[in-house]
Each structure stands twice: as structure tokens, then as C-alpha cells.
Amino acid sequence: MSIRHGLLALLERGPRYGSQLRTEFESRTGATWPLNVGQVYTTLARLERDGLVAQDAEDDAGHTLYAITDEGREELHGWYAAPVDRTSPARDELAIKLAMAVGAPGVDIRAVIQAQRAHTVKAMQDYTRLKARALDTAPANRDEVAWLLVLEQLIFQAEAEARWLDHCESRLVRLAAAAQTDPAPAPTGKPRTKTRR
């Protein structure tokens, strides 16, 4: 997740201070990926170091406002134009768990899959309910539309995970069936005989 670019996008709308950026980021994403203020200020410091934002002024309450620079705008528009790189996928805990569970002694991989499927389906149902509530009132502003897009991505991701779990289970069933029908491998090589002295 690019907090860096998310903050630049919010600053393109005008100068903001740290906790204001955090609130707007969470509003835009429906708090799906919560930020802490320290994370925001650390990112702002890096953006300032890189010349992408600059301290602008202070508001009436004494908050330091940050503004996007021309270099920051260029960086932001480059981010919008470039596709998200999928050649180095993030580690997926579920994929790692299933890969380690296959063949692990004492682990019922089908039970692991079933437990995950139940959790994934519940999450999908929760997201779908949230989407239905959001659609009851037509989205009125950019933040509501942005939240709908995030919700729909979560729904599609949960659907894909459920399909993948179905695929994993059917593959394991086929492998188990094949293992039961395969004859035991014949011993190779000649048997050893004892030699007398």
C-alpha cells in the first residue's frame, strides 16, 4: 500500500496537516487500512526530504500545514499513470500457511481450508452488507465513491480467495485419490547378500 502516494493525492487538493491527512485517508478508504499519526508524520518527513512536499504555513490552531510541490505533483501523476507492479507479489499468509501445511505431520489440511473458507465467506457477507448500506443512499461525494470502490475490491478479493480455496481442496482430493490407487514402488537394485569370511 502506498501511503506516500495516498498523502500526495490528498495534498494535491490543498495544504493539510498530519492528523487531517490521516482522517481524510481513512475516510477515503473506509478505514480499511488505518494509519497512525506517527506513520503519517514519518511519511511527510520523507516526502519533504525528497522534495515532494514542503511546509507551507500554520493554521489558526498552530498546526504545520504541508503542501505538494511541483516535483510531488509529477511523482503523483507518474504513480497514477503506471500500473501496479505484480511481478513481486506481497507475501500472502494464507498461501504460505497452506504450502507449509501440505504434508505436515498431524495437520488436517482440509480442516485448515474449511476454517479459512468459513472466515472468508463471512467477511464477504459483511462487505456485501456494507456495500448494500452504502448503496441505499446514492454516493454523494468522492469519499463515498472511493469507499465503495474499496469495498468492491474487498468483495472481489474474498470471492477469488473462496474460489482458490475450493481449487486447493479439489486438488488435494485428487492427489489423495491418486496416492491410494498407485501401486507401491518396486524396490530398485539388487538385494544385498551377506558374504562369509
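Analyst: Let's start with the vocabulary: helices and strands are DSSP runs (H or I over at least four residues for a helix, E over at least two for a strand), and they are numbered from the N terminus. Ile 68, for example, is found in strand β2.

User: Okay. What kind of model is this, and from where are its residues numbered?

Analyst: This is a predicted model, where local features need pLDDT of at least 70 and side-chain atom pairs count only at pLDDT 80 or more, while totals for chains, interfaces and linings use all residues. Residues are numbered from 1 along each chain as its sequence is written, and side-chain values use heavy atoms, with hydrogens and water left out.

User: How many helices and strands does the chain have?

Analyst: Count seven helices and two strands. Walk along the sequence and you meet them in the pattern α-α-α-β-β-α-α-α-α.

User: What does the radius of gyration say about the chain?

Analyst: That radius is taken over C-alpha atoms, and the globule rule is 2.2 Å times the number of residues to the power 0.38. For 197 residues, a compact globule would come out near 16 Å, but this chain has 26 Å. The C-alpha trace also spans about 100 × 55 × 30 Å along its principal axes.

User: And how many of the residues are buried?

Analyst: Buried means under 20% relative accessible area, exposed means over 50%, and partly exposed is in between (1.4 Å probe, protein chains only). Buried residues make up 28% of the 197 here.

User: Can you show me some cases? Is Pro 34 buried or exposed?

Analyst: Pro 34 sits in the loop between α2 and α3. Its relative accessible area is 56%, so we call Pro 34 exposed. The same loop label goes to Asn 36, found between α2 and α3, but Asn 36 is partly exposed at 45%. For contrast, try Ala 146 in helix α7 (residues 142-181): Ala 146 has 16%, so it counts as buried.

User: Which residues does Pro 34 touch?

Analyst: Touching is a contact, meaning heavy atoms within 4.5 Å. Leaving out residues up to four places away in sequence, Pro 34 touches Glu 26 and Gln 39. Across the whole chain, take contacts between residues at least 6 apart in sequence: 56% of them join residues at least 24 apart.

User: How far apart in space are Ala 146 and Gly 30?

Analyst: Their C-alpha atoms are separated by 8.3 Å, although Ala 146 and Gly 30 are 116 residues apart along the chain. Pro 34 and Val 150 are also 116 residues apart, and their C-alpha atoms are separated by 13 Å. Now look at Ile 68 and Arg 163: 95 residues apart in sequence and 42 Å apart in space, C-alpha to C-alpha.

User: Where should I look for buried nonpolar residues?

Analyst: In soluble globular proteins, nonpolar side chains tend to be buried together. We call a set a nonpolar core when buried Ala, Val, Leu, Ile, Met, Phe, Trp, Tyr and Cys residues are joined through side-chain atoms within 4.5 Å. The largest one here has 17 residues, and Leu 7, Leu 8, Leu 11, Leu 21, Leu 44 and Leu 47 touch the most other members. Elements α1, α2, α3 and β2 each give two or more residues to this core, and α1 gives the most, with six. There's also a second, separate core of eight residues, including Leu 98, Ala 101, Leu 165 and Cys 168.

User: How many residues of α1 are buried, and what covers them?

Analyst: Helix α1 (residues 3-11) is mostly covered, with eight of its nine residues buried. Among them are Ile 3, His 5 and Gly 6. The cover includes α2 (18-29), α3 (37-49), β1 (53-58), β2 (64-68) and α4 (70-81).

User: And which residues does Leu 21 touch?

Analyst: Not counting residues up to four places away in sequence, Leu 21 touches Leu 7, Leu 10, Leu 11, Arg 16, Val 40 and Leu 44. Back to our opening example: Ile 68 has a relative accessible area of 10%, so Ile 68 is buried. With that sequence limit again, Ile 68 touches Leu 8, Leu 11, Glu 12, Leu 52, Val 53, Arg 73 and Leu 76.
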